[in-house]
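I opened this notebook to keep track of what I looked up, in the order in which I looked. The entries are meant for someone who has not seen this structure before.

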Amino acid sequence: MTSAFQLAGFRHVIGTLWEIDDAVAEQVARSFYDMLGNGSGDLAIPQSAEALHRTVRMLRDRYRAAPSLWAAYVHSGA
């Protein structure tokens, strides 16, 4: 699915490698977009890989014993 979005023209795509927990996915989305915000209401799209990385590290610290909750998220793009 991630590759299909890239083929459709999206430069930065966030995907998962397996089925994910809905409650954790909500945390990922909130954290990811909070980290992409630049204070002016715009999103710093080129920073999406770093925003996902920071989000996954936060989840890893919170759910250290359950990698299935945080390890599935991937960024694809340039």
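The entries below go from the pocket to the helices and then to single residues.

**Entry 1, the kind of model.** I note before anything else that this is a predicted model.

**Entry 2, the largest pocket.** I looked up how much space the largest pocket holds, and the value is about 290 Å³. I then listed the residues that line this pocket, and they are Phe10, Arg11, His12, Val13, Ile14, Val28, Ala29, Phe32, Tyr33, Leu36, Ile45 and Ser48. Sorted by character, the lining has nine nonpolar residues, two polar ones and one charged one.

Which element gives the largest share of this lining? I found that helix H2 does, with five residues. Strand E1, residues 12-16, and helix H2, residues 22-36, each contribute at least two residues to the lining.

**Entry 3, helix H2.** Having met H2 at the pocket, I checked its length, and its 15 residues reach 21 Å from the first C-alpha to the last, which is close to the 21 Å expected at 1.5 Å a residue. I then looked up which of its residues are buried, and these are Val24, Val28, Ser31, Phe32 and Leu36. Viewed down the axis of H2, the buried residues stay within an arc of 130 degrees, so they line one face of the helix. On the other side of H2 I found Asp22, Arg30 and Asp34, which are exposed.

What do the buried residues of H2 pack against? I found three partners for them, namely strand E1, helix H3, which covers residues 48-62, and strand E2, which covers residues 73-77. I also note that Val28, Phe32 and Leu36 are named both among the buried residues of H2 and in the lining of the largest pocket.

**Entry 4, Arg30.** I picked Arg30 from the exposed side of helix H2, and its relative accessibility is 54%, which is why it counts as exposed, the cut-off being over 50%. Measuring across to helix H3 on the model, I got 9.3 Å from C-alpha to C-alpha between Arg30 and Thr55, which are 25 residues apart in sequence.**Entry 5, helix H3.** I repeated the length check here: the 15 residues of H3 should span 21 Å at 1.5 Å a residue, and the end C-alpha atoms are 21 Å apart, which agrees. The buried residues of H3 are Ser48, Ala51, Leu52, Thr55, Val56 and Leu59. Seen along the axis of H3, these buried residues fall within an arc of 130 degrees, so they line one face of that helix. I looked up what covers them, and the cover includes E1, H2 and E2.

**Entry 6, two residues of H3.** Is Thr55, which lies in helix H3, buried or exposed? Thr55 is buried, because its relative accessible area is 0% and the cut-off for buried is under 20%. Not counting residues up to four places away in sequence, Thr55 touches Val28, Ser31, Phe32 and Met35.

Ala51 also sits in helix H3, and at 3% relative accessibility Ala51 counts as buried. With its neighbours within four places in sequence left aside, Ala51 is in contact with Phe32, Met35 and Leu36. I also looked up its distance to Gly9, and the two residues are 21 Å apart, C-alpha to C-alpha, and 42 residues apart in sequence.

**Entry 7, the loop between H2 and H3.** I chose Ala44, which lies in the loop between H2 and H3. At 22% relative accessibility, Ala44 counts as partly exposed. From Ala44 to Tyr33 the C-alpha distance is 9.4 Å, with the two residues eleven places apart in sequence.

**Entry 8, Thr2.** My last look was at Thr2, which lies in helix H1, residues 2-7. Thr2 counts as buried at a relative accessibility of 18%. Leaving out residues up to four places away in sequence, I found that Thr2 touches Val13, Gly15 and Ser76.

Notes: Residues numbered from 1 in each chain as written. Predicted model: local features only at pLDDT ≥ 70, side-chain atom pairs only at ≥ 80, totals over all residues. Heavy atoms only, no water. 1 Å grid on protein atoms, 1.4 Å probe; cavity = no way out; pocket = protein on both sides within 12 Å on 5 of 7 lines; lining within 4 Å. Points joined across faces, edges and corners; volume = space filled by probe spheres on them. Nonpolar A, V, L, I, M, F, W, Y, C, P; charged D, E, K, R; others polar. Expected span 1.5 Å × (residues − 1). Buried < 20%, exposed > 50% of the residue type's maximum accessible area, 1.4 Å probe, protein only. Arc of directions from axis to C-beta. Contact = heavy atoms within 4.5 Å.
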